[in-house]
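Dear colleague,

I am passing on the structure we spoke about. Please find it below, followed by notes on what turned up in it.

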Amino acid sequence: MSRSVARGVVALLLSCALLLTTAACGGDDGQSASGAATPSSTGTFEQQRLAKTRFVANAGLAAGATYQWIVKPYRAGKFKKGADGRTFALVKAGLAGAFTYNRLKAAVNNAKGDPLLSKAVAPLSAGIDSLKDLGTKLRKGEAGSADVGAFENIINSVKDAGKSAGAEVVDKVPSTSQLGG
């Protein structure tokens with residue numbers, strides 16, 4: 001590999017790492033993916049309905065990102081050493097991991113606005129917290145089938161919890177710009 005190509009790859013990886021850390025550290029500032037403020041749990045029907053809607057939107061984005069950029073490439077063998085496009089697939093998976101974690105945390109906060117949904121989602125908080133460092137692990141190429149399975153299991157649990165509370169989650173693949181920041 002020539003020196004200029006190596007420098008370009010290093011610059012790309014450092015840029016992605018910077019984006020990943022800012023996305024992961026950004027947390028949820030009380031806003032959903034649509035930019036609207038998260039309602040407090042005052043008990044009115046309108047706010048509860050909006051909480052479910054926001055939950056479905058955030059959980060759907062997390063599910064779509066997980067499937068599109070983590071599960072699907074893993075099953076296709078894109079993360080194996082020597083695979084074509086491995087580095088790019090790993091960087092996208094790392095960004096998708098951080099994005100998924102961020103949107104799942106936002107979905108849990110949205111669920112607090114609906115009593116039935118908050119009871120269904122509450123047991124999943126520990127599982128969602130366990131995903132925090134998996135984005136970095138994916139980006140570095142250190143993730144295995146158990147790590148990819150963890151993402152898939154948490155997403156399926158959140159979907160099941162939403163369905164049991166009357167808020168069915170449908171996968172929605174985020175755009176690359178949403179994924180990056």
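To begin with one pair of side chains: those of Thr 66 and Thr 100 make a polar contact at 3.1 Å. Please keep in mind that this is a predicted model. Thr 66 sits in helix α2, residues 45–75, and is buried, with a relative accessible area of 2%. Leaving aside residues up to four places away in sequence, Thr 66 touches Val 71, Thr 100, Phe 151, Glu 152 and Ile 155.

A second buried polar residue is Asn 110, whose relative accessible area is 2%. Asn 110 belongs to helix α3, residues 86–111, and its side chain makes a polar contact of 2.6 Å with the side chain of Asn 58.

As for the chain as a whole, its secondary structure comes to eight helices and zero strands. Of its 181 residues, 40% are buried. Among contacts between residues at least 6 apart in sequence, 75% join residues at least 24 apart. The accessible surface is about 9400 Å², and carbon and sulfur atoms account for 56% of that surface.

Helix α7 covers residues 145–164 and reaches 28 Å from its first C-alpha to its last, close to the 28 Å expected at 1.5 Å a residue. Its buried residues include Phe 151, Ile 154, Ile 155 and Val 158. Just after α7, Gly 166 takes a positive phi of about 85°.

The structure holds four salt bridges; these three are worth listing:

- Arg 75 and Glu 152 meet at 2.6 Å, N to O. Arg 75 lies in α2 and Glu 152 in α7, so the pair ties together parts that are 77 residues apart in sequence. Arg 75 is exposed, at 57% relative accessible area, whereas Glu 152 is partly exposed at 24%.
- Lys 105 and Asp 129 meet at 2.8 Å, N to O. This pair links distant parts of the chain, with Lys 105 in α3 and Asp 129 in α5 (residues 125–129), 24 residues apart. Lys 105 is partly exposed at 30%, and Asp 129 is partly exposed at 38%.
- Asp 147 and Lys 137 meet at 3.4 Å, N to O. Since Asp 147 lies in α7 and Lys 137 in α6 (residues 134–139), the pair ties together parts 10 residues apart in sequence. Asp 147 is buried, with a relative accessible area of 14%, while Lys 137 is partly exposed at 31%.

Regards

Key: Residues are numbered from 1 along each chain as its sequence is written. This is a predicted model: local features need pLDDT of at least 70, side-chain atom pairs count only at pLDDT 80 or more; totals for chains, interfaces and linings use all residues. Side-chain values use heavy atoms; hydrogens and water are left out. Helices (H or I, at least four residues) and strands (E, at least two) are DSSP runs, numbered from the N terminus. Buried means under 20% relative accessible area, exposed over 50%, partly exposed in between (1.4 Å probe, protein chains only). A polar contact is a pair of N or O atoms within 3.5 Å; within protein, one must be able to donate a hydrogen and the other to accept it, and residues adjacent in sequence count only if both atoms are side-chain atoms. Contact means heavy atoms within 4.5 Å. The expected span of a helix is 1.5 Å times one less than its number of residues. Accessible areas come from the Shrake-Rupley method with a 1.4 Å probe; for residues, only the protein chains shown count as cover. A salt bridge is a side-chain nitrogen of Lys or Arg within 4 Å of a carboxyl oxygen of Asp or Glu.
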